[in-house]
Amino acid sequence: MNLNHLSIFQAVALSGSISGGAQRLHISQSAVSKQLGEFEGTLGLTLFDRLPRGVRATEAGRLLLGYANRLFAIEAEAERALGDLKQLARGRIAIGASRTIGAYLLPPLLAEFRRRHPDVGLSLRVENTQAIEAKLVAGEIDIGFAEGVVGSELDYKLFAQDDLVLIAAPTHPLVARAPVPVSALADHALLMHEEGSGTRAVTEGVLRARKLDIRPAMTLASSEALKQTVATGVGVAFLSSLSIRTEVAAGILSVVPVKGLRIQRPLYRVQLRNAWPSPALEAFMQLLEAH
């Protein structure tokens, strides 16, 4: 069904005359008459009885007018919804982030975005880097933040740098010896994140480059679990400097400098390649750039 013809039909039906319909649509009366006749010919039905003064809808016209009103009401609703989306009066952003970014970098940013755009829904999933990439490809999240294992379908943009530091309980023997040589790590139990963790991948890569093939003495699923376990003195771990500030300040953990070793990892904003961001996501990325 030609929606332009339907729009002309509705205007004539609501105004009760062809001239009134023309005025509603700001087109000529002859154009309305012509297109209305074409519409009736296409349908094979007469929609109006032509009267000396104006028109009167036939049974078919009255039936069609109900559908036309509903259809154009939905069109108007769609326009309002898209306008709200554009003006950030509605919308949602699903975010995936690695543990360190999700726990220590994003919360202040999410809070600021919420203050600026309270009508936009936010959700944050904390996953390891591989899971974030899989969810982006599957369309389950709109944007990801990770240490970055490059995937062919994904676009990575550097947004911050993070230092990984060696931590130990204050009573651990390495603390008294600090700064320690890299080789000293081979003599102490090293605790690590699970496979698939960006922190673990970066740490293993750097140690391997230093000819240290160290197998983790214990594998734990979160930074919090690593911190709590290291605090008991059973081993040491490399963790983000962002994640241990509170514990170091409280004297629960100590940072152990390692001679000639600095582990920096890039933190990436990750999106599906060639994906077009929604207005809400565009506003979120602008806030990220500003911070």
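Here are some notes on this predicted model, point by point, to read with the structure open.

1. **Start with the aromatic rings.** The model has six aromatic pairs. Take Phe-113 and Phe-284: their ring centres sit 5.6 Å apart with the planes at 75 degrees, so this pair is edge-to-face. Planes over 60 degrees apart count as edge-to-face, which is the cut-off to keep in mind here. The two residues come from distant parts of the chain, 171 residues apart, with Phe-113 in helix α5 (residues 99-116) and Phe-284 in helix α11 (residues 279-290).

2. **Are those two rings buried or exposed?** Phe-113 has a relative accessible area of 1%, so it is buried. Phe-284 is buried as well, because its relative accessibility is 0%. The cut-off for buried is under 20%.

3. **A second pair to look up.** Phe-145 and Phe-159 have ring centres 5.3 Å apart and planes at 75 degrees, so they also make an edge-to-face pair. Phe-145 belongs to strand β5 (residues 143-146) and Phe-159 to strand β6 (residues 154-168), so the pair ties together parts that are 14 residues apart in sequence. Check the accessibility of each partner too: Phe-145 counts as buried at 0%, while Phe-159 counts as partly exposed at 27%.

4. **Now put the rings together.** Which residues do the ring pairs link into a cluster? They are Phe-113, Phe-145, Phe-159 and Phe-284. So when you colour these residues in your viewer, you'll be picking out one cluster with members from helices α5 and α11 and from strands β5 and β6.

5. **The helices behind the first pair.** Two packed helices are described by the angle between their axes and the distance between the axes. For α5 and α11, the angle is about 125 degrees and the axes are 11 Å apart. That makes α5 oblique to α11. Their crossing is right-handed. Recall that Phe-113 is in α5 and Phe-284 in α11.

6. **Helix α5 has another role in the layout.** Together with strands β3 and β4, α5 makes a right-handed β-α-β unit. How do β3 and β4 run relative to each other, parallel or antiparallel? Strand β3 (residues 92-97) and strand β4 (residues 121-126) run parallel, and six bridges join them. If you'd like a specific spot to click on, Ile-95 has Leu-124 in β4 as its bridge partner. While you're there, remember that in a regular strand the side chains alternate between the two faces of the sheet.

7. **Helix α1 and its neighbours.** Helix α1 (residues 3-15) and helix α3 (residues 29-43) have axes that come within 9 Å and cross at roughly 115 degrees. That makes α1 roughly perpendicular to α3. The crossing of α1 with α3 is left-handed. Now try α1 with helix α4 (residues 59-86): these axes come within 10 Å and cross at roughly 110 degrees. Again α1 is roughly perpendicular to its partner, here α4. The crossing of α1 with α4 is left-handed too.

8. **Some backbone oddities.** Most residues other than glycine have a negative phi, and most peptide bonds are trans. His-26 is not a glycine, yet its phi is positive, about 60 degrees. You'll find His-26 in the loop between α2 (18-25) and α3. With a relative accessibility of 72%, His-26 counts as exposed. Lys-211 goes the same way: it isn't a glycine, but its phi is positive at about 65 degrees. Lys-211 sits in the loop between α8 (198-209) and β8 (218-220), and it is exposed, with a relative accessible area of 75%.

9. **One cis peptide bond to check.** Which two residues does a cis peptide bond join? They are Ala-178 and Pro-179, with omega at about 0 degrees. Pro-179 lies in the loop between α7 (173-177) and β7 (190-193).

10. **A last stop at Glu-247.** This residue lies in helix α10 (residues 245-249). At 14% relative accessibility, Glu-247 counts as buried. For a sense of distance across the model, compare its position with Ile-141: the two are 106 residues apart along the chain, and their C-alpha atoms are separated by 32 Å.

Definitions and conventions: Residues numbered from 1 in each chain as written. Predicted model: local features only at pLDDT ≥ 70, side-chain atom pairs only at ≥ 80, totals over all residues. Heavy atoms only, no water. Phe/Tyr/Trp six-rings, centres within 6.5 Å; stacked < 30°, edge-to-face > 60°. Helix = DSSP H or I, 4+ residues; strand = E, 2+ residues; numbered from the N terminus. Buried < 20%, exposed > 50% of the residue type's maximum accessible area, 1.4 Å probe, protein only. Pairing = 2+ DSSP bridges. Right-handed = clockwise from strand over helix to strand, strands pointing away. Axes fitted to C-alpha atoms, helices over the stretch in contact; angles between N-to-C directions. Parallel < 35°, antiparallel > 145°, perpendicular 65-115°, else oblique. Left-handed = near helix turned anticlockwise from the far one by under 90°.
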